[in-house]
Every structure is written in C-alpha cells, then in structure tokens.
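Me: I have a protein chain here and would like to go through its fold step by step. Please take my questions one at a time.

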Amino acid sequence: LEFDVQMSCQGCADAVRAALDAAPDVKLLELRPQEQSVLVETTAAAERVRELLENSGCRAVLKGMGASSEGERGLRGSRGDPGGVWG
C-alpha cells in the first residue's frame with residue numbers, strides 16, 4: 001500500500017516510523033519524507049494502516065495498492081482466474 005502522508009519535518013517522519021514499527025502486521029518498505037510518501041507491506045486493511053499513520057499526528061491518504069509477485073495470487077479470484085482486483 002502506498003500513502004500520501006503530510007510530514008513537515010524529521011520529527012513527523014520519526015513518528016510515522018514509530019507508529020508503523022509498533023504494528024506487527026505492517027512492514028515499512030519506504031519512508032520518503034520529502035515526497036511525503038510511505039510504502040508498506042501488510043496483511044492489515046488499508047483503513048487500519050491509515051489510522052496508524054494518522055495516530056502518529058500526520059494526515060494520510062491511500063494513494064495506491066499494488067502487489068509483489070507473491071501477492072498477485074492473493075488478488076486474483078480464488079481459482080487463480082484473472083478476474084480479481086489489480087492496483
């Protein structure tokens with residue numbers, strides 16, 4: 001999941017990192033304060049991750065959803081048909 005996160009200083013970025021590090025089901029992949037962007041890998045719902053980000057004191061908006069090679073199977077239909085959601 002990729003989020004736009006309003007981070008105006010290094011303290012904001014540190015708070016975002018701490019909030020995500022405290023969640024065992026969220027893995028922080030990229031934290032880019034200058035681009036105001038956060039990329040995570042998670043089994044949690046996007047809304048839960050957004051709440052974690054906002055609880056750090058920063059506004060957050062889901063920017064996009066993607067999948068790794070392994071994760072793509074989970075986004076397809078249950079029989080592996082291509083009718084699933086792609087982001």
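The questions below go from the overall fold to single residues.

Me: In what order do the elements of the protein run from the N terminus on?
Reply: This is a predicted model. The protein has three helices and four strands. Taken from the N terminus, the order of these elements is β-α-β-β-α-β-α.

Me: What share of the residues of the protein counts as buried?
Reply: A residue is taken as buried when its relative accessible area is under 20%. The protein has 87 residues, and the share that counts as buried is 28%.

Me: What share of the contacts with a separation of 6 or more comes from residues 24 or more positions apart?
Reply: One pair far apart in sequence is Leu62 and Leu1, which are in contact and lie 61 residues apart along the chain. For the protein, counting contacts with a separation of 6 or more, residues 24 or more positions apart account for 54%.

Me: Which are the edge strands of the sheet?
Reply: Strands of a sheet pair through backbone hydrogen bonds, either parallel or antiparallel. Here four strands form an open sheet with antiparallel pairing, in the order β2-β3-β1-β4. The strands that pair on one side only are the edge strands, β2 and β4.

Me: By how many degrees are neighbouring strands of this sheet turned against each other on average?
Reply: The sheet is open and its pairing is antiparallel. With direction ignored, the average turn between neighbouring strands is 30 degrees.

Me: How many bridges pair β2 with β3?
Reply: Strand β3 (residues 37-42) is joined to β1 (residues 2-5) by three bridges, and these two strands run antiparallel; in that pairing Glu2 stands opposite Leu39. With β2 (residues 26-32), Val26 stands opposite Thr42 of β3, and Leu28 has Val40 as its bridge partner. The pairing of β2 and β3 is also in the antiparallel sense, and the number of bridges is six.

Me: Which strands does α2 touch?
Reply: Helix α1 lies across β1, β2 and β3, and runs at about 165 degrees to β2. Helix α2 packs on the sheet too, with its direction at about 30 degrees to that of β1. The strands that α2 touches are β1, β2, β3 and β4.

Me: Are α1 and α2 parallel, antiparallel, perpendicular or oblique to each other?
Reply: Two packed helices are described by the angle between their axes and the distance between the axes. The axes of α1 (residues 10-21) and α2 (residues 46-55) come within 8 Å and cross at roughly 135 degrees. The crossing is right-handed. Angles over 145 degrees count as roughly antiparallel and 65 to 115 as roughly perpendicular, so α1 and α2 are oblique.

Me: How many residues of the contact of α1 with α2 are nonpolar, polar and charged?
Reply: On the α1 side the contact is made by Val16, Ala19 and Leu20, and on the α2 side by Val49, Leu52 and Leu53. By class, the residues of this contact are six nonpolar, no polar and no charged.

Me: Which residue in the hairpin of β2 and β3 takes a positive phi?
Reply: Most residues other than glycine have a negative phi, and most peptide bonds are trans. The hairpin has four residues between its strands. The residue with a phi of about 55 degrees is not a glycine, and its relative accessibility is 32%, so it counts as partly exposed. It is found in the loop between β2 and β3 and is Gln36.

Me: Is Glu30 buried, partly exposed or exposed?
Reply: Glu30 lies in strand β2. Beyond its neighbours within four places in sequence, Glu30 is in contact with Ser37, Val38 and Leu39. Its C-alpha atom is separated by 9.1 Å from that of Glu2, 28 residues apart along the chain. The relative accessibility of Glu30 is 32%, so Glu30 counts as partly exposed.

Me: How far apart in space are Leu62 and Leu1, C-alpha to C-alpha?
Reply: Leu62 lies in strand β4 and is partly exposed, with a relative accessible area of 36%. Leaving aside neighbours within four places in sequence, Leu62 is in contact with Leu1, Glu2, Phe3 and Ala46. Between Leu62 and Leu1, the C-alpha to C-alpha distance is 7.4 Å.

Note on methods. Residues are numbered from 1 along each chain as its sequence is written. This is a predicted model: local features need pLDDT of at least 70, side-chain atom pairs count only at pLDDT 80 or more; totals for chains, interfaces and linings use all residues. Side-chain values use heavy atoms; hydrogens and water are left out. Axes are lines fitted to C-alpha atoms, for helices over the stretch in contact, and angles run from 0 to 180 degrees between N-to-C directions. Angles under 35 degrees count as roughly parallel, over 145 as roughly antiparallel, 65 to 115 as roughly perpendicular and the rest as oblique. A crossing is left-handed if the near helix is turned anticlockwise from the far one by less than a right angle, and right-handed if clockwise. Contact means heavy atoms within 4.5 Å. Ala, Val, Leu, Ile, Met, Phe, Trp, Tyr, Cys and Pro count as nonpolar, Asp, Glu, Lys and Arg as charged, and the others, Gly among them, as polar. Two strands pair if DSSP finds at least two bridges between them. Buried means under 20% relative accessible area, exposed over 50%, partly exposed in between (1.4 Å probe, protein chains only).
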